[in-house]
Amino acid sequence: MSKIIIAKTNAEFLNQEYKTDYKAFMKSRWSCTDNTWVWMVRFDGDVREGWRNRIINADEIWEEYVYAGMPTYAGDNERKFRIVVSIIEGARGREYHILGRYAYDFENSTNRRHILKKVSET
């Protein structure tokens, strides 16, 4: 079961969960440590900036570039892990579901498909 944080914005979520002090934070990725991002995205099937995020199963997530050509953002070479946070617009407001810690699958990923495998719940 994922941990759920109710917050209006990414900044508010980061401030609550990671004790940061942001007034605003518009990005989907926050550098947590040298090798880990907190990745705050929606898994609703919509394409954003050419990318579609998909939960394949309980242990695997794909980030796929669906536009023609090559993406300008090509991958996770500098970050091995992601703490994946699913953003859902809920009845109580925006819900941030912390799905767990995932490792970037360097062997099976490409520039157009980034594969993440769950390594822990927290």
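Start by selecting Glu17, which is partly exposed at a relative accessible area of 22%. You are looking at a predicted model, so treat each stop on this tour as a feature of that prediction.

**Stop 1: Glu17 and its partner**

Keep Glu17 selected and add Lys3. Their side chains form a salt bridge, with an N to O distance of 3.0 Å. The two residues sit 14 positions apart and tie together distant parts of the chain: Lys3 belongs to strand E1 (residues 3-6), while Glu17 lies in helix H1 (residues 10-18). Lys3 is partly exposed too, with 44% relative accessibility.

**Stop 2: a linked set of charges**

Now pick Arg42 and Glu89, whose side chains meet in a salt bridge at 3.1 Å, N to O. This pair spans 47 residues of the chain: Glu89 is in strand E6 (residues 81-90), and Arg42 is in the loop between strand E3 (36-41) and strand E4 (51-57). Arg42 has a relative accessibility of 24%, which makes this residue partly exposed. Add Arg94 to the selection, and you have a network of salt bridges made up of Arg42, Glu89 and Arg94.

**Stop 3: a pair further along**

Select Lys118 and Glu121 next. They form a salt bridge in which the closest N and O atoms are 3.2 Å apart. Glu121 is partly exposed, at a relative accessible area of 45%. How many salt bridges does the count come to? The count is eleven, so there are others to find if you want to go on with charged side chains. In general, side chains of opposite charge can pair when their charged atoms come close.

**Stop 4: two positive phi values**

Turn from side chains to the backbone. Most residues other than glycine have a negative phi. Lys19 has a positive one, near 60°. You will find Lys19 in the loop between H1 and strand E2 (29-33), and with 68% relative accessibility this residue is exposed.

Then jump to Glu49, where phi is also positive, near 55°. Glu49 is in the loop between E3 and E4. Is Glu49 buried or exposed? At 72% relative accessibility, Glu49 counts as exposed.

**Stop 5: the E2-E3 hairpin**

Show E2 and E3 as a cartoon. These strands run antiparallel and are joined by four bridges. Together they make a hairpin, with two residues between the strands. To inspect one of the pairings, select Arg29 and Trp39: Trp39, in E3, is the bridge partner of Arg29.

**Stop 6: the largest pocket**

Finish with the largest pocket, which holds about 640 Å³ of space. Its lining has 25 residues, and the closest to the centre are Lys27, Ser28, Met40, Val41 and Glu49. Glu49 is a return visit, as the residue with the positive phi at Stop 4. Which elements give two or more residues to the lining? They are H1, E3, E4 and strand E5 (60-65). E3 gives the most, with three residues.

Try colouring the lining by residue class. The lining of the largest pocket divides into twelve nonpolar, five polar and eight charged residues.

Terms used. Residues numbered from 1 in each chain as written. Predicted model: local features only at pLDDT ≥ 70, side-chain atom pairs only at ≥ 80, totals over all residues. Heavy atoms only, no water. Salt bridge = Lys/Arg side-chain N within 4 Å of Asp/Glu carboxyl O. Buried < 20%, exposed > 50% of the residue type's maximum accessible area, 1.4 Å probe, protein only. 1 Å grid on protein atoms, 1.4 Å probe; cavity = no way out; pocket = protein on both sides within 12 Å on 5 of 7 lines; lining within 4 Å. Points joined across faces, edges and corners; volume = space filled by probe spheres on them. Nonpolar A, V, L, I, M, F, W, Y, C, P; charged D, E, K, R; others polar. Pairing = 2+ DSSP bridges.
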